[in-house]
Amino acid sequence: MLNSTSYTHGAIQYKDLLRDFQEHMERLKLTTLRLQQGIEATRTLAIKNNEVFPEMEERRNEKKVKLQQSIAKMRHNIAQYQQDLEAIRQELAPKELQRSERTHERIQQLESMVEKKNQLHNRIRQKGEEHTEVIKAETSNALLTELELQTFRRALQLEIVNTNEALRFEFKCISKQVPEKIYHVALTITDTDVYTVIECQPDSVLPKVLRELDVLNQDRELFNFIKKLRQIFRQSANA
């Protein structure tokens with residue numbers, strides 16, 4: 001009975017070992033299959049890479065050649081641009097020199113004009129001072145007192161303005177419609193003591209004023225000239 005029990009127990013262990021062995025073999029077969037599949041996939045990929053690599057290398061070489069050609073073309077264009085710029089610079093150099101010389105001449109001309117303007121301004125100011133003395137002398141020669149002069153101004157509605165440039169005679173009450181409107185003539189005098197009109201408002205009466213100015217330069221009667229001015233302005237306003 002004991003031997004039978006031992007046999008049965010040994011048979012069970014044998015079956016268990018056999019089953020474990022069979023399961024292990026199945027797993028080993030499965031692993032071997034997977035390994036073979038991996039090897040096959042790797043071999044296929046290697047074959048594919050061997051087939052594709054030359055094509056990829058060829059395309060890469062083509063791109064490299066095109067890139068080298070593009071760089072060479074760009075270098076050629078840059079060299080050409082530099083030559084063109086140098087040619088333009090050489091062409092423009094004489095013109096730039098001429099322009100610089102003209103600019104220098106213009107600056108000198110402007111400086112000369114400014115100097116002449118300053119000299120003229122000084123002369124006008126000096127003449128303005130001389131005009132004051134001339135007016136005083138002519139007033140004295142005409143035996144007009146200050147009271148008479150003020151009466152003369154009020155009667156003619158006259159204002160005498162002595163500026164740096166000239167002596168200006170301003171008249172009011174010329175126009176009945178606009179009594180406050182100012183009519184004026186500005187005189188200056190040359191180095192030879194000749195009266196000259198530099199302003200006239202309105203300028204439409206300038207021809208008549210110039211005719212009276214010729215008379216003034218002959219008889220030197222300034223106050224007669226002033227009265228003639230008022231008459232000319234009144235005729236213009238009433239025309």
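**Exercise 1. What percentage of the 239 residues of the protein count as buried?**

*Solution.* The model is a predicted one. A residue is called buried if its relative accessible area is under 20%. By this criterion, 17% of the 239 residues of the protein are buried. The surface may then be considered: the protein exposes about 18,900 Å², and carbon and sulfur atoms supply 56% of this area.

**Exercise 2. State how many helices and strands the protein has, and give their order.**

*Solution.* The protein contains four helices and four strands. Read from the N terminus, the order of the elements is α-α-β-β-β-β-α-α. As for contacts between residues at least 6 apart in sequence, 44% of them join residues at least 24 apart.

**Exercise 3. Determine whether the length of helix 4 agrees with its number of residues.**

*Solution.* Helix 4 comprises residues 222-238, a run of 17 residues. The expected span is 1.5 Å times one less than the number of residues, which gives 24 Å for helix 4. The end C-alpha atoms of helix 4 are 25 Å apart, so the two values agree.

**Exercise 4. Describe the largest nonpolar core and the part that helix 4 plays in it.**

*Solution.* First, consider the members. The largest nonpolar core has 23 residues, of which Leu-187 and Val-209 touch the most other members. Next, consider their origin. Two or more residues each come from strand 2 (167-171), strand 3, strand 4 (195-201), helix 3 (206-219) and helix 4. Helix 4 gives the largest share, seven residues. The buried residues of helix 4 include Phe-225, Leu-229 and Ile-232. Val-209 touches these three residues, and also Val-185, Val-197 and Cys-200, when residues up to four places away in sequence are not counted. In soluble globular proteins, nonpolar side chains tend to be buried together.

**Exercise 5. Classify the aromatic pair of Tyr-183 and Phe-233, and explain which parts of the protein it ties together.**

*Solution.* The structure holds two aromatic pairs. In the pair of Tyr-183 and Phe-233, the ring centres are 5.5 Å apart, and the planes stand at 45°. Planes under 30 degrees apart count as stacked and those over 60 as edge-to-face; the pair of Tyr-183 and Phe-233 is therefore tilted. Tyr-183 belongs to strand 3 (residues 183-189) and Phe-233 to helix 4, so the pair ties together parts that are 50 residues apart in sequence. Both Tyr-183 and Phe-233 are buried. Finally, ring pairs link Tyr-183 and Phe-233 with Phe-171 in a cluster.

Note on methods. Residues numbered from 1 in each chain as written. Predicted model: local features only at pLDDT ≥ 70, side-chain atom pairs only at ≥ 80, totals over all residues. Heavy atoms only, no water. Phe/Tyr/Trp six-rings, centres within 6.5 Å; stacked < 30°, edge-to-face > 60°. Buried < 20%, exposed > 50% of the residue type's maximum accessible area, 1.4 Å probe, protein only. Contact = heavy atoms within 4.5 Å. Areas by Shrake-Rupley, 256 points an atom, 1.4 Å probe, with all protein chains shown as cover. Core = buried A, V, L, I, M, F, W, Y, C linked by side-chain atoms within 4.5 Å.
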